[in-house]
Amino acid sequence: MPSPLLLLPLNDAHQAEGAVFGESSGWLVPLRYGDPMAEHRAVMGATGLLDRSMVGKVVVTGRDRATFLQGMLSNDIKALQPGQGCPAAFLDAHGKVVSLLAVYVLEDRILLELPAGSTDKFLQTIDKFLISEKAYFEASDDGYVVLSVQGPGAEKALADLSGAPLAAEPYSHQEVSIAGEPVRIVRRSHAASPGFDCWAAAAHGPALWKALREAGGAPVGAEAAEVLRVEAGIPAFGADVDENLILPETRLDQLVSYTKGCYIGQETVARVKYRGHVNRGLSGLVVEGKEVPTSGDVVLAEDKEVGRVTSAVHSIALGKPIALGYVRREHFEPGSAVAVRVRDQLVPARVVELPFVKSAA
């Protein structure tokens with residue numbers, strides 16, 4: 001018998017907004033509140049409001065927290081000052097991707113954001129490496145809501161609500177007060193537009209949602225959010241990245257410090273960087289016609305399989321199907337002609353540089 005779906009802390013608020021719900025990573029989430037195209041327009045042209053509370057959350061404390069994570073993750077954690085953050089990957093000894101995550105450093109702790117539904121597995125895996133270090137990992141999936149304000153109007157809305165200028169660098173963050181309670185605002189885009197994530201205690205979720213709605217945030221469901229994600233070329237763990245891939249195949253160089261020294265999987269990453277290359281890599285595909293590929297559809301060139309689709313949507317911004325997928329390195333060049341087998345039909349496509357849609361900001 002399948003496990004019941006988890007409810008978001010703001011489930012009642014989404015119901016009151018008229019949301020249509022569906023399943024995502026074991027959670028019951030709003031798919032749409034009305035017209036996904038209007039929700040897409042809000043993010044690209046005004047202010048959109050997304051509930052990202054299903055993401056995994058871990059709090060790390062203890063005097064060795066930064067040193068320990070420095071040896072675990074692909075990016076330079078020790079270089080981060082309180083108020084700074086970065087994206088990173090957690091790899092196995094062979095350089096394969098166990099998880100993608102975001103790291104936020106505070107004065108007395110480090111917050112980790114993980115893919116939805118992966119917290120327990122991450123903690124079980126990381127625990128195997130803890131020996132005598134003073135680093136303590138606490139699952140906090142239920143402790144926070146994460147509400148995301150995305151779009152060209154996001155910064156003004158949050159600055160007006162908080163009365164504070166917002167941190168300028170990606171992944172930088174600060175604590176402010178909104179609706180009378182502490183809220184940590186992180187500069188983080190999930191679309192081809194400016195954006196911020198707001199972390200707050202779960203009990204403060206309803207008041208924060210109300211304040212963000214009154215500031216002009218239009219609710220955005222998972223369907224529009226998925227289109228926005230793919231248009232921005234942002235890979236999702238579990239869809240576009242998994243444990244079958246070594247990190248260099250994701251072509252996510254921003255997750256890697258090549259100067260920080262040793263971490264798990266570092267030897268493989270460095271060997272590819274300095275002494276070799278990958279045979280396949282994450283790429284963008286623009287597909288002709290109206291048929292949207294599905295995950296796993298084969299990419300071909302001259303009747304030979306050269307890759308597979310991992311995520312695909314009908315782009316609202318471009319008015320055509322687009323896809324993320326892995327293709328062989330011979331086809332990395334933007335403009336390379338390929339085809340995708342979509343429901344037993346070969347559909348012409350071309351490789352393009354990511355992102356599909358560039359941010360105006």
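**Why these words fit this structure**

Q: How do helix H2 and helix H7 pack, and at what angle?
A: In this predicted model, helix H2 (residues 36-45) and helix H7 (residues 222-231) pack at an angle of about 50°. Their axes are 8 Å apart.

Q: Why are H2 and H7 called oblique to each other?
A: Set the angle of about 50° against the cut-offs: under 35 degrees would be roughly parallel, and roughly perpendicular runs from 65 to 115. The angle fits neither of those, nor the over-145 class for roughly antiparallel, so the pair counts as oblique. As for handedness, H2 passes H7 in a right-handed crossing.

Q: What makes Phe90 and Phe129 an aromatic pair, and what kind of pair is it?
A: Ring centres have to lie within 6.5 Å, and these two are 6.4 Å apart, centre to centre. The planes are 80° apart. Over 60 degrees counts as edge-to-face, so that is the label this pair gets. A search of the whole structure turns up seven aromatic pairs.

Q: What does the pair link, and where are Phe90 and Phe129?
A: The pair links distant parts of the chain, 39 residues apart. Phe90 sits in strand E6 (residues 85-91), while Phe129 is in the loop between helix H4 (119-127) and strand E9 (136-139).

Q: Is Phe90 buried or exposed?
A: Buried means under 20% relative accessible area. Phe90 comes out at 1%, so it is buried.

Q: Why does Phe129 count as partly exposed?
A: Its relative accessibility is 33%. That lies between the 20% and 50% cut-offs, so partly exposed is the right term.

Q: Where is Ser132, and how do you know whether Ser132 is buried or exposed?
A: Ser132 is in the loop between H4 and E9. Its relative accessible area is 58%, and anything over 50% counts as exposed, so Ser132 is exposed. Ser132 and Asp64 are 68 residues apart in sequence, yet 9.7 Å apart in space, C-alpha to C-alpha.

Q: Which residues do ring pairs link into a cluster?
A: Tyr104, Tyr144, Tyr171 and Trp199 are the members.

Q: How do you know that the charged end of Lys273 sits over the ring of Tyr258?
A: The charged end is 4.7 Å from the ring centre, and the distance cut-off is within 6 Å. There is an angle test too: the charge must be within 35 degrees of the ring normal. Another case is Arg251, which lies over the face of Phe332 at 3.9 Å from the ring centre.

Q: What makes E11 and E14 edge strands?
A: Six strands form an open sheet in the order E11-E12-E13-E10-E4-E14, with mixed pairing. Strand E11 (173-178) and E14 each pair on one side only. For E11, the partner is strand E12 (residues 181-187), antiparallel over six bridges. One of the bridge partnerships is Ser177 with Pro182 in E12.

Q: How do you know that E4 pairs with E10 and with E14?
A: Strands pair if there are at least two bridges between them. E4 and strand E10 (residues 144-150) have four, in the antiparallel sense, and Leu50 stands opposite Ser148 in E10. E4 and strand E14 (residues 218-219) have two, in the parallel sense, with Pro219 as the bridge partner of Leu49.

Q: What covers the description of the faces of strand E4: buried or exposed residues?
A: Buried ones: Gly48 and Leu50 on one side, and Leu49 and Asp51 on the other. Both faces of E4 (residues 48-51) are covered.

Q: Which are the edge strands of the sheet ordered E1-E3-E2?
A: This open sheet has three strands and mixed pairing. Its edge strands are E1 (6-7) and E2 (20-24), each pairing on one side only. E1 runs parallel to strand E3 (residues 27-32), joined by two bridges, and Leu6 has Trp27 as its bridge partner.

Q: What is the phi of Ser25, and why is Ser25 called partly exposed?
A: Ser25 has a positive phi of about 50° although it is not a glycine. It lies in the loop between E2 and E3. Its relative accessible area is 44%, which falls between 20% and 50%, so it is partly exposed.

Q: Why is Asp344 called exposed?
A: Asp344 has a relative accessible area of 76%, and that is over the 50% cut-off, so it is exposed. Asp344 also has a positive phi, near 70°, and is found in the loop between strand E19 (337-342) and E20.

Terms used. Residues are numbered from 1 along each chain as its sequence is written. This is a predicted model: local features need pLDDT of at least 70, side-chain atom pairs count only at pLDDT 80 or more; totals for chains, interfaces and linings use all residues. Side-chain values use heavy atoms; hydrogens and water are left out. Rings of Phe, Tyr and Trp (its six-membered ring) pair if their centres lie within 6.5 Å; planes under 30 degrees apart count as stacked, over 60 as edge-to-face and the rest as tilted. Buried means under 20% relative accessible area, exposed over 50%, partly exposed in between (1.4 Å probe, protein chains only). Axes are lines fitted to C-alpha atoms, for helices over the stretch in contact, and angles run from 0 to 180 degrees between N-to-C directions. A crossing is left-handed if the near helix is turned anticlockwise from the far one by less than a right angle, and right-handed if clockwise.
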